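Here are a few exercises to work through with the model open beside you. Try each one before reading on.

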Amino acid sequence: MNEQRDILDVTAPAADGIPPENRPVRPESRPRPGTDGVAQEQDDGSYFLNKFLEDKAEAKAAEAAAEPRGNGHEDIVEASDAEAETIKERIVEALKEIYDPEIPVNIYELGLIYDVKLREDHAAFVTMTLTTPHCPVAESMPAEVELKVNGVEGVNGAEVRLVWDPPWDMNRMSDEARLELGLL
């Protein structure tokens with residue numbers, strides 16, 4: 001007769017039935033740096049957690065030190081001729097044609113565009129944000145902005161940088177946007 005048993009029905013064998021080489025061994029305690037610099041013994045297993053947290057903190061500090069401050073477009077030498085100003089105005093008008101899908105206001109008046117720069121070779125650099133990092137268009141909106149700016153007459157390429165610092169807030173909206181949303 002084939003007797004099937006559930007795995008939960010299996011009981012652990014008695015310790016005397018386990019060969020010595022297979023018996024569980026209590027791990028040796030790990031040294032833990034004390035406040036005085038002398039290693040202390042511990043047996044709660046927190047050594048690995050502490051080491052992990054220290055490594056994460058060090059990695060985060062190194063990443064922050066390597067991360068550029070600002071919007072990343074500070075080193076761009078902007079064109080200052082009349083033609084460049086006209087192109088920048090066209091870029092702003094093009095940006096005003098892009099609307100936030102959840103708010104019936106264009107992204108420029110909403111305050112999502114932080115900066116528009118035009119280099120001497122007429123390459124455009126746009127720094128923007130979104131209302132929240134969890135915005136449903138977080139992946140598609142920067143690409144849409146780049147396509148729109150690339151389509152502006154006189155623009156020779158576009159780069160869009162999405163930033164979260166400073167974070168967007170309602171104070172960035174123009175009076176037109178506030179009026180449209182009934183906030184004025």
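**Exercise 1.** Which residue in β5 does A124 stand opposite?

Solution. Keep in mind that this is a predicted model. Start at A124 and look across to β5: the residue opposite is A158. Move along to F125, and you'll find E159 of β5 standing opposite. Now take the two strands as a whole: β4 and β5 (residues 158-162) run parallel, joined by 5 bridges. To get from β4 to β5 the chain passes through α3, making a right-handed β-α-β crossover.

**Exercise 2.** Work out what β4 pairs with on its other side, and then lay out the sheet.

Solution. Go back to A124, which is also the bridge partner of L118. That pairing belongs to β3 and β4, which are antiparallel over 5 bridges. The hairpin linking these two has 5 residues between the strands, and one of the things to spot there is H122, with a positive phi near 70 degrees. Put both pairings together and you get an open sheet of 3 strands, ordered β3-β4-β5, with mixed pairing. β3 and β5 are the edge strands, each pairing on one side only. On average, neighbouring strands here are turned by 15 degrees against each other, ignoring direction.

**Exercise 3.** Find out which helices pack on this sheet, and at what angles.

Solution. Take α2 to begin with: it touches β3 and β4, and its direction makes about 145 degrees with that of β3. Next comes α3, which touches β4 and β5 and makes about 155 degrees with the direction of β5. With that in mind, check the burial of β4: 5 of its 5 residues are buried. A124, V126 and M128 sit on one side and F125 and T127 on the other, so both faces are covered.

**Exercise 4.** Explain why the buried residues of α2 line one face of the helix.

Solution. First get the geometry: α2 covers residues 82-95, and its 14 residues reach 20 Å from first C-alpha to last, close to the 20 Å expected. Then list what is buried, meaning under 20% relative accessible area: A84, I87, K88, I91, V92, A94 and L95. Looking down the axis of α2, these fall within an arc of 160 degrees, so they line one face. The general rule helps here: an α-helix has 3.6 residues a turn, so residues three or four places apart point the same way. What covers the buried residues of α2 includes β3, β4 and α3. Finally, turn the helix around: the face away from the buried side carries the exposed A82 and E89.

Technical notes
Residues are numbered from 1 along each chain as its sequence is written. This is a predicted model: local features need pLDDT of at least 70, side-chain atom pairs count only at pLDDT 80 or more; totals for chains, interfaces and linings use all residues. Side-chain values use heavy atoms; hydrogens and water are left out. Helices (H or I, at least four residues) and strands (E, at least two) are DSSP runs, numbered from the N terminus. The expected span of a helix is 1.5 Å times one less than its number of residues. Buried means under 20% relative accessible area, exposed over 50%, partly exposed in between (1.4 Å probe, protein chains only). The arc is that of the directions from the helix axis to the C-beta atoms. Contact means heavy atoms within 4.5 Å. Two strands pair if DSSP finds at least two bridges between them. A crossover is right-handed if, with the strands pointing away from the viewer, the path from the first strand over the helix to the second runs clockwise. Axes are lines fitted to C-alpha atoms, for helices over the stretch in contact, and angles run from 0 to 180 degrees between N-to-C directions.
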